[in-house]
Amino acid sequence: MLLVVTYSRAARTTLRNVCRTHEGSVVRRFGRAALLESTEFGAFLALRLREKHADDVQVERTEPLNEFERVPPSVREA
């Protein structure tokens with residue numbers, strides 16, 4: 001998944017419009033941030049936001065936490 005975080009009002013507005021227009025590519029929206037699907041189109045949307053708003057948009061690649069795969073047993077028990 002791609003995490004897109006916005007830091008300006010204009011970038012937030014554009015992110016909101018992107019999320020409304022392309023609901024199929026949005027995994028979840030958090031106000032100033034959104035998770036986009038890790039597809040070519042999701043990457044295109046994220047990079048288009050970054051190109052339009054430069055340093056006001058941060059894009060990071062994320063992956064869901066699989067508690068049975070990467071977490072030590074002591075953490076899982078807690």
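1. Strand 1 (residues 2-6) and strand 3 pair in the antiparallel sense, with four bridges between them. Leu3 has Leu35 in strand 3 as its bridge partner. Strands here are DSSP runs of E with at least two residues, helices are runs of H or I with at least four, and both are numbered from the N terminus. Two strands count as paired if DSSP finds at least two bridges between them.

2. On the basis of the note: this is a predicted model, in which local features need pLDDT of at least 70 and side-chain atom pairs count only at pLDDT 80 or more, while totals for chains, interfaces and linings use all residues. Residues are numbered from 1 along each chain as its sequence is written, and side-chain values use heavy atoms, with hydrogens and water left out.

3. Strand 2 (residues 26-29) is joined to strand 3 by three bridges, and the two run antiparallel. Arg29 stands opposite Ala34, and Val26 has Leu36 as its bridge partner. The two strands form a hairpin with three residues between them. In the turn, Gly31 has a positive phi of about 85°.

4. The sheet as a whole is open and has four strands in the order 2-3-1-4, with antiparallel pairing. Strand 2 and strand 4 (57-61) stand at the edges with a single partner strand each, so one side of each has no neighbour in the sheet. Direction ignored, neighbouring strands are turned by 20° against each other on average.

5. Two helices pack on this sheet. Helix 1 touches strand 1, strand 2, strand 3 and strand 4, and its direction makes about 140° with that of strand 1. Helix 2 touches strand 1, strand 3 and strand 4, and its direction makes about 150° with that of strand 4. Axes are lines fitted to C-alpha atoms, for helices over the stretch in contact, and angles run from 0 to 180 degrees between N-to-C directions. Contact means heavy atoms within 4.5 Å.

6. Which residues of strand 3 are buried on its two sides? Ala33 and Leu35 are buried on one side, and Ala34 and Leu36 on the other. In a regular strand the side chains alternate between the two faces of the sheet. Buried means under 20% relative accessible area, exposed over 50%, and partly exposed in between (1.4 Å probe, protein chains only).

7. Thr14 lies in helix 1 (residues 9-21). Thr14 counts as buried because its relative accessible area is 14%. Leaving aside neighbours within four places in sequence, Thr14 is in contact with Leu49, Lys52 and His53. The side chains of Thr14 and His53 are joined by a polar contact of 2.8 Å. A polar contact is a pair of N or O atoms within 3.5 Å; within protein, one must be able to donate a hydrogen and the other to accept it, and residues adjacent in sequence count only if both atoms are side-chain atoms.

8. There is one aromatic pair. Phe41 and Phe44 are stacked, at 6.2 Å centre to centre with 25° between the planes. Rings of Phe, Tyr and Trp (its six-membered ring) pair if their centres lie within 6.5 Å; planes under 30 degrees apart count as stacked, over 60 as edge-to-face and the rest as tilted. Phe41 and Phe44 are about one helical turn apart because three residues separate their positions in helix 2 (residues 40-53). Phe41 is partly exposed, at 38% relative accessible area, and Phe44 is partly exposed at 44%.

9. Ser74 is in helix 3 (residues 73-77) and counts as exposed, at 54% relative accessibility.
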